[in-house]
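Hi,

Here is the model I promised to pass on. Have a look at it first, and then read my notes below.

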Amino acid sequence: MTISAARLKELQSRSDADIDYSDIPELDDTFFETAALVTPSAKTQITVRLDRDVLEWFRGQGKGYQTRMNAVLKAYMESERRRSR
């Protein structure tokens with residue numbers, strides 16, 4: 001997702017008081033008592049062969065397409081792990 005320079009400038013000029021937080025729940029002490037820091041796992045660089053249409057579709061989604069591909073594969077992996085238990 002890209003943002004134009006004009007839109008970015010407009011957003012930067014807003015004051016904090018102008019931001020609508022009504023749809024975001026406030027985080028209270030209870031949240032922070034049970035919150036855990038989750039760090040992303042290290043990535044391993046590999047070579048993989050994909051169907052051209054699959055690669056083009058993900059690339060067409062824009063920046064971060066490799067991260068999205070990883071997320072799809074991870075969701076499948078986790079689904080299969082749950083299913084095999």
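Which element gives the most to the lining of the largest pocket? It's α4, with eight residues. Bear in mind that this is a predicted model.

On the pocket itself: it holds about 760 Å³ of space. Of its 20 lining residues, T44, I46, Q66, N70 and L73 are the closest to the centre. Two elements, α3 and α4 (65-84), give two or more residues each to the lining. Sorted by class, you get 10 nonpolar, seven polar and three charged residues there.

I46 turns up again on the surface, where it forms a nonpolar patch with V48, L50 and V54. Together they have about 350 Å² of accessible area. V54 sits in helix α3 (residues 52-60) and counts as partly exposed, at 34% relative accessibility.

Then the salt bridges, of which there are three. Two of them link R7, E10 and R14 into a network. R7 and E10 meet at 2.9 Å, N to O, and because they are three residues apart in helix α1 (residues 5-13), about one helical turn separates them. E10 also pairs with R14, at 3.7 Å. R7 is partly exposed at 35%, as are E10 at 39% and R14 at 42%.

Back in α4, E80 bridges to R83, with the closest N and O atoms 2.9 Å apart. These two are also three residues apart, about one turn of the helix. E80 is partly exposed, with a relative accessible area of 26%, whereas R83 counts as exposed at 64%.

Cheers

Definitions and conventions: Residues numbered from 1 in each chain as written. Predicted model: local features only at pLDDT ≥ 70, side-chain atom pairs only at ≥ 80, totals over all residues. Heavy atoms only, no water. Patch = residues over 30% accessible without salt bridge, like charges linked within 9 Å, V, L, I, M, F, W, Y side chains within 5 Å. Areas by Shrake-Rupley, 256 points an atom, 1.4 Å probe, with all protein chains shown as cover. Salt bridge = Lys/Arg side-chain N within 4 Å of Asp/Glu carboxyl O. Helix = DSSP H or I, 4+ residues; strand = E, 2+ residues; numbered from the N terminus. Buried < 20%, exposed > 50% of the residue type's maximum accessible area, 1.4 Å probe, protein only. 1 Å grid on protein atoms, 1.4 Å probe; cavity = no way out; pocket = protein on both sides within 12 Å on 5 of 7 lines; lining within 4 Å. Points joined across faces, edges and corners; volume = space filled by probe spheres on them. Nonpolar A, V, L, I, M, F, W, Y, C, P; charged D, E, K, R; others polar.
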